[in-house]
Amino acid sequence: MSTEAATGGLNEYITHHLTHNLVKLGTGFHLDTWLVSLVLGLLFLLWFGLKARKATAGVPSKGQAFVEIIVEFVDGQVKDTFHGDRRSVTPLALTIFMWIVFMNTMDLIPLDLPGWLVQTTAGAETAHHTYFRLVPTADLNTTLALSVSVFFILIGHALAAKGGFGFGKELLTAPFHAHGFLAFVLAPVNLFMNIIEWLVKPVSLAMRLFGNMYGGELVFMLIAGLLAGWVTFVPGIIANTAWAIFHILIILLQAFIFMILTVVYIAGAREGH
Amino acid sequence: MNINLTFFGQMISFGILVWFTMKFIWPPLNAAIESRQKTIADGLAAAERARQELKDADSRVADEIRKAREEATHIVDRANQQYNQIVDKAKADAIAEGARQKAVAQAEIDSLSHQAREVLRQQVAALAVSGAEKILKREIDASRHRDLLDALAKEI
């Protein structure tokens, strides 16, 4: 890269790193996103599953204590927000939290490490044509899939709490209440408002997480531009490290926000207007 | 895609990040884990201790009850013994007193009968003497035949 023009080099670098490993499957399939998220999800299941299986009522091992702290933290958050049967809500929140934490953490792995691995194992020519983005949550497909799943879960909760008739009635009568003829006038308005309100939830969930992680990744790439020259090498390292340390906060915060908003939405879906 | 200085810079900063995590992120996390372990261990130990103490207290209580029961039995035994002793002693005392009273009465009776006999003897002797005097007024001197009369009176 140092042989190319600075802007062109950085441009190409960023473009390269923002290109998914696309498989021609229907309208396209991001193999990298799918693979990494799948592996991380399985890793989460394996880790927590093994600890849960080996759990004792006595003094816990360090691993068990760590898992317990996480589970208790999530359960405490759910308990504070959602007053009802937590048996299905806490596992959902825990899964969302841990999976997103895992996927976000991929952001901390050096950008060029996968490329280097490919280059050293398969040669420079293959590396030049192999695109691989390591952060699944910086792919809108992942975050939108998560939030749309949450959206359907929300509808399920609303239907379970109010029944089909109650939910339908609420869509037509809230937020503007009226009696008699005016109620019929306001019904389409209410429906429109409610549709917006419902659709905003998954879209905002997905966009928030995607935006944060994509932005974080992009900043890493821009900092990588600093590392290309000798003069800016040391400041680049400092900036890269500082951003990575700050990113630890973002990783946990974004996962937490996604989780807690899901729980808040579930609580809202169960309550009437 | 070409690997160059960028990669090494990233690896160095990754190394610094790992060091930072080990130095500043992991210790508080580890402390939380260890304090949790300690809390649980302490709680379990306290429960175990409480159970042991309860067991000890139970056995002590059982011991005390057993001792009290033994003591009570002992006291009842001693009371029974004392009762028997008192009754026996009273009986013996009563018998002894009875015997003493009897002896006193007997002695009185004896002494009275002796006196009465003595008085009677003297009266008989006097009567005999006066009778004999009356009969033998003239020939018999009372003072000269006193010996004989006394011997007679003694035979009564």
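What share of the 273 residues of chain A count as buried? In this predicted model, the figure comes to 31%. Chain A is built from nine helices and two strands. Read from the N terminus, its elements follow the order α-β-β-α-α-α-α-α-α-α-α, so to speak a helix, a pair of strands and then a run of helices. Laid along the principal axes, the C-alpha atoms of this chain take up a box of roughly 75 × 55 × 35 Å. Contacts across the sequence are well represented too: taking the contacts between residues at least 6 apart, 67% link residues at least 24 apart.

Chain B makes quite another picture. It has two helices and zero strands, and its C-alpha trace spans about 195 × 20 × 15 Å along the principal axes. How does the radius of gyration of chain B stand against that of a compact globule of 156 residues? Such a globule would come out near 15 Å, but chain B has 61 Å. As for burial, 4% of the 156 residues in chain B are buried.

Back in chain A, a start can be made at α1, which covers residues 6-17 and holds Tyr13(A). Tyr13(A) counts as buried because it has 22 C-beta neighbours inside 10 Å, where 20 or more are needed. Phe192(A) sits 179 residues from Tyr13(A) in sequence, and the two C-alpha atoms are 45 Å apart in space.

Next comes α5(A), where Pro114(A), Gly115(A) and Gln119(A) are buried. Seen down the helix axis, these buried residues fall within an arc of 135°, so they line one face of α5(A). An α-helix has 3.6 residues a turn, so residues three or four places apart point the same way. On the face of α5(A) turned away from the buried side are the exposed residues Leu117(A), Thr120(A) and Thr121(A). Just past the end of α5(A), Gly123(A) adopts a positive phi of about 95°.

Helix α7(A) has a twist in its story. A straight helix of 34 residues would span 50 Å, yet α7(A), residues 140-173, covers only 34 Å between its end C-alpha atoms. Where is the kink in α7(A) centred? The spot is Gly163(A), and the kink there is about 105°. Buried residues in α7(A) include Thr142(A), Thr143(A), Leu146(A), Ser147(A) and Val150(A), and also among them are Phe151(A), Leu154(A), His157(A) and Ala158(A). The partners that the buried residues of α7(A) pack against are α2 (31-53), α4 (89-105), α8 and α9 of chain A.

Finally, the two chains meet. Chain A brings 31 residues to the contact and chain B brings 24 residues. On the side of chain A that touches chain B, the elements giving two or more residues are α3 (62-81), α5 (113-122), α6 (124-129), α8 (181-227) and α9 (233-270). Which element gives the most to that side? That is α9(A), with eight residues. Sorted by class, the side of chain A that touches chain B has 20 nonpolar, nine polar and two charged residues. Two helices named earlier turn up here again: α5(A), with its buried Pro114(A), Gly115(A) and Gln119(A), is on the list of contributors, and α9(A), against which buried residues of α7(A) pack, gives the most.

Definitions and conventions. Residues are numbered from 1 along each chain as its sequence is written. Chains are lettered from A and ligands numbered from 1 in the order in which they are written. This is a predicted model: local features need pLDDT of at least 70, side-chain atom pairs count only at pLDDT 80 or more; totals for chains, interfaces and linings use all residues. Two residues are in contact if their C-beta atoms, placed from the backbone, lie within 7 Å. Helices (H or I, at least four residues) and strands (E, at least two) are DSSP runs, numbered from the N terminus. Ala, Val, Leu, Ile, Met, Phe, Trp, Tyr, Cys and Pro count as nonpolar, Asp, Glu, Lys and Arg as charged, and the others, Gly among them, as polar. The radius of gyration is taken over C-alpha atoms; the globule rule is 2.2 Å times the number of residues to the power 0.38. A residue is buried if 20 or more other C-beta atoms lie within 10 Å of its own, exposed if 12 or fewer, and partly exposed in between; C-beta atoms are placed from the backbone. The arc is that of the directions from the helix axis to the C-beta atoms. The expected span of a helix is 1.5 Å times one less than its number of residues. The bend at a residue is the angle between axes fitted to the seven residues ending there and the seven starting there.
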